[in-house]
Amino acid sequence: MTTELPQHVFRLRVRYDECDPMGLVHHSNYLRYFEIGRTEFLRSAGGRYREVEEAGLYVVVVHIDCRYRASARYDDEIDIVTRIAKITAAKIIHEYEIRRGDEVLVQATVTLAVIDKNGQLQRVPEALLT
């Protein structure tokens, strides 16, 4: 990932229910962490998904590319680093890193599309352009 892009960092402590019996974060929970990072990034810029949804638009995941490098464990403090890599007329591409200190645990790219209540592709609203 490039460090020149605007980014947001959100610290989170791994909870017991996010782990498997070995005490490792279950892989599916990283997708939740990306959602948390995305929401907190938007909130830090003054935006809210609720306002977008009240306007009849929805932001949906259309593609995920995720590389697991190491596992977070129960009670670890991790940082969710979120960057906007690209915005097109109807899509937003985010890049993520999940870190424990300086160690990169997970890297991902998530592509989002904006749709209306009927599932029709829409332009990215101004409220999401951070």
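A salt bridge is a side-chain nitrogen of Lys or Arg within 4 Å of a carboxyl oxygen of Asp or Glu. This is a predicted model, in which local features need pLDDT of at least 70, side-chain atom pairs count only at pLDDT 80 or more, and totals for chains, interfaces and linings use all residues. Residues are numbered from 1 along each chain as its sequence is written, and side-chain values use heavy atoms, with hydrogens and water left out.

**Exercise 1.** Find the salt-bridge partner of Arg 13 and place both residues.

*Solution.*
- Take the distance. The closest N and O atoms of Arg 13 and Glu 77 are 2.8 Å apart, a salt bridge.
- Place the pair. Arg 13 lies in strand S1 (residues 7-13) and Glu 77 in strand S3 (residues 77-87), so the bridge ties together parts 64 residues apart in sequence. Strands here are DSSP runs (E, at least two residues) and helices likewise (H or I, at least four), numbered from the N terminus.

**Exercise 2.** Describe the pair Arg 43 and Glu 40.

*Solution.*
- Their closest N and O atoms are 2.7 Å apart, a salt bridge.
- Both sit in helix H1 (residues 29-44), 3 residues apart, or about one helical turn.
- Check burial: buried means under 20% relative accessible area, exposed over 50%, partly exposed in between (1.4 Å probe, protein chains only). Glu 40 is buried at 19%. Arg 43 is partly exposed at 46%.

**Exercise 3.** Explain why Cys 19 forms no disulfide with Cys 66.

*Solution.*
- Apply the cut-off: a disulfide is a pair of cysteine sulfur atoms within 2.5 Å.
- The closest cysteine sulfur to that of Cys 19 is in Cys 66, 16 Å away, too far for a bond.
- The structure's disulfide count is 0.
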